[in-house]
Amino acid sequence: MRGQLARPARHDVLVAGGCATVTVGALCLLPVLARVDSGAGDGVPEAGALAWWVVVATLVAQSMVLLWRRRCPEVVAGAAAAAVPVGAVVGMGAAIGLTSLAVLVSVYSLATERPLARSWPLLAATGVLVAAGNAAASVRVDVPVAEASFTGIVQAVGIVVAPLVLAALVVARGDSRRAREDRLAALDREYEALVAAAVARERTAMARELHDIAAHHLTGIAVLSSAIATQIDTDPTGAKEAIGEVRRQSASVLRDLRSLVGLLRDHDESALRTDVRVETLAGIPGLVAEVAAAGHDVSLSMLAATDGRAPGEGVGPLAQLAAYRTVQESLANAGRHAAGARCEVQVDDRDTATLVVAVRNATPRQRSAPSVSGGLGLVGMRERAELTGSELVIGATVDGGWQVQLRIPRFGSEGSP
């Protein structure tokens with residue numbers, strides 16, 4: 001506390017100095033005002049006399065307590081109010097009104113720094129001191145006691161209430177500004193949270209895309225690598241072709257992985273400009289051809305519309321991507337879990353309300369070992385189906401094989417999104 005009192009704020013120094021300058025300056029001007037209004041100098045000591053210097057010292061001391069008006073406003077308000085009856089005792093006379101300025105400032109500071117519920121007793125005491133001081137000063141210049149008391153009460157009410165009203169307006173405005181800033185900050189935090197959640201969802205979807213792409217290409221590479229081991233001695237030409245296919249598949253998976261990983265980077269503008277392919281139904285024939293080139297027994301049937309509609313008409317880009325990824329993941333799963341089994345891919349575009357994509361594989365020649373993967377492929381297929389309002393059916397066929405069927409509603413058809 002002692003350190004705080006020794007270092008008042010610069011703004012408070014200016015306030016205290018300005019108050020002392022105004023009050024002492026006004027005291028010096030009273031003799032001039034007395035020539036116009038004889039009552040202005042009633043009871044005021046003659047300039048230069050000892051009593052006059054005591055009045056100056058009282059006004060300066062009262063102003064100086066304002067140096068700590070924001071650090072300890074209760075003490076400052078009490079000291080400023082106590083200076084009013086002291087001024088009456090030392091003989092200020094009509095100059096007692098000069099003590100009002102410091103009281104106004106101290107009451108305003110108290111009202112802005114402390115809640116009214118806590119400071120009202122001190123404010124009431126301040127009013128009593130101001131009223132008593134003004135009444136005593138008036139009585140000393142021969143004003144009747146009743147009149148002096150009434151005048152003192154009116155002056156006290158004005159000196160205390162006026163800064164309270166001003167302080168209430170300032171505090172209310174500050175509270176309103178802070179509430180507005182808090183609301184804007186809360187909206188900013190909410191927006192940032194929504195953006196973060198959206199980014200997280202997109203990155204989760206990209207991670208699943210990453211799984212699909214890697215599973216598709218790496219399955220083909222594994223099959224080709226197995227074939228190369230048996231062909232390298234018996235069929236060197238076929239082995240060279242298989243090696244070329246491995247190289248092409250590897251380059252393809254690296255390109256796709258680089259694109260998706262680039263999108264997952266934070267605040268990388270160059271990565272955000274990476275050209276990532278958006279696959280459609282038109283890419284399914286190429287996908288099937290790649291799988292067939294990798295050594296799988298797979299066929300494709302495209303059942304086109306008979307009413308002149310364009311292929312995939314009424315199916316949005318996201319649904320077409322879901323269909324492409326479903327075929328890709330199904331073929332990759334067939335390669336892992338039903339090695340050597342024949343696969344059939346069918347795209348049925350004939351129905352006007354629904355497009356059906358199905359992947360079926362026959363009974364595998366031998367059962368593969370149980371998978372230890374996390375199953376993100378099936379999860380991804382289900383979530384893409386849900387996202388596009390499609391129906392996904394996965395299960396065994398009557399002949400012991402496996403089927404994945406995706407029914408995609410067209411835009412504008414009954415029941416479509």
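This report walks through the fold, the salt bridges and a few selected residues of the chain shown above.

**Overall picture**

Please keep in mind that the model is predicted. The chain has 417 residues, and 38% of them count as buried. Its secondary structure comes to 12 helices and 5 strands. The accessible surface is about 23000 Å², with 61% of that area belonging to carbon and sulfur atoms. If we take the contacts between residues at least 6 apart in sequence, 71% of them join residues at least 24 apart.

**Salt bridges**

The structure has 10 salt bridges. Three of them are set out here, with the distance between nitrogen and oxygen and the separation along the chain.

| Salt bridge | N to O distance | Separation in sequence |
|---|---|---|
| D12 and R70 | 3.2 Å | 58 residues |
| R118 and E74 | 3.5 Å | 44 residues |
| D349 and R410 | 2.5 Å | 61 residues |

Let us start with D12 and R70, whose side chains form a salt bridge. D12 sits in helix 2 (residues 10–36), while R70 belongs to the loop between helix 3 (50–64) and helix 4 (73–90), so the pair ties together parts of the chain that are 58 residues apart. D12 has a relative accessible area of 2%, which is under 20%, so this residue counts as buried. R70, at 35% relative accessibility, is partly exposed. Salt bridges with shared partners also join D12, R69 and R70 into one network.

The side chains of R118 and E74 form another salt bridge. This pair links distant parts of the chain, with R118 in helix 6 (residues 116–140) and E74 in helix 4. R118 is exposed, having a relative accessible area of 56%, whereas E74 is partly exposed at 24%.

In the third pair, D349 and R410 meet in a salt bridge. D349 is found in the loop between strand 2 (343–348) and strand 3 (354–361), and R410 in the segment after strand 5 (402–409). Both D349 and R410 are buried.

**Helices and a surface patch**

Helix 5 covers residues 100–113, which makes 14 residues, and spans 20 Å from its first C-alpha to its last, close to the 20 Å expected at 1.5 Å a residue. Its buried residues are S100, A102, V103, S106, V107, S109, L110 and A111. As a reminder, an α-helix has 3.6 residues a turn, so residues three or four places apart point the same way.

Now for the surface: I153, V157, V161, V165 and L169 form a nonpolar patch there, with about 440 Å² of accessible area together. I153 is located in helix 7 (residues 145–234).

**An aromatic pair**

The structure holds 1 aromatic pair. Its members are W52 and W53, arranged edge-to-face with 4.9 Å from centre to centre and 85° between the planes. W52 is buried, at a relative accessible area of 9%.

**Residues that meet across the sequence**

T326 lies in helix 11 (residues 317–337). At 2% relative accessibility, T326 counts as buried. Once its neighbours within four places in sequence are left aside, T326 is in contact with M381, V404 and L406. For one of these partners, V404, the C-alpha atom is 8.1 Å from that of T326, although the two residues are 78 apart along the chain.

Next comes M302, which is in strand 1 (residues 298–303). M302 is partly exposed, with 45% relative accessibility. Between M302 and V357 there are 9.5 Å in space, C-alpha to C-alpha, and 55 residues in sequence.

Finally, A292 is part of helix 10 (residues 284–293). Its relative accessible area of 33% makes A292 partly exposed. The C-alpha atoms of A292 and C343 are 9.9 Å apart, and these residues are separated by 51 residues along the chain.

How values were computed
Residues are numbered from 1 along each chain as its sequence is written. This is a predicted model: local features need pLDDT of at least 70, side-chain atom pairs count only at pLDDT 80 or more; totals for chains, interfaces and linings use all residues. Side-chain values use heavy atoms; hydrogens and water are left out. Patches are made of residues with over 30% relative accessible area and no salt bridge: like charges are joined within 9 Å, nonpolar side chains (Val, Leu, Ile, Met, Phe, Trp, Tyr) within 5 Å. Accessible areas come from the Shrake-Rupley method with a 1.4 Å probe; for residues, only the protein chains shown count as cover. A salt bridge is a side-chain nitrogen of Lys or Arg within 4 Å of a carboxyl oxygen of Asp or Glu. Helices (H or I, at least four residues) and strands (E, at least two) are DSSP runs, numbered from the N terminus. Rings of Phe, Tyr and Trp (its six-membered ring) pair if their centres lie within 6.5 Å; planes under 30 degrees apart count as stacked, over 60 as edge-to-face and the rest as tilted. Buried means under 20% relative accessible area, exposed over 50%, partly exposed in between (1.4 Å probe, protein chains only). The expected span of a helix is 1.5 Å times one less than its number of residues. Contact means heavy atoms within 4.5 Å.
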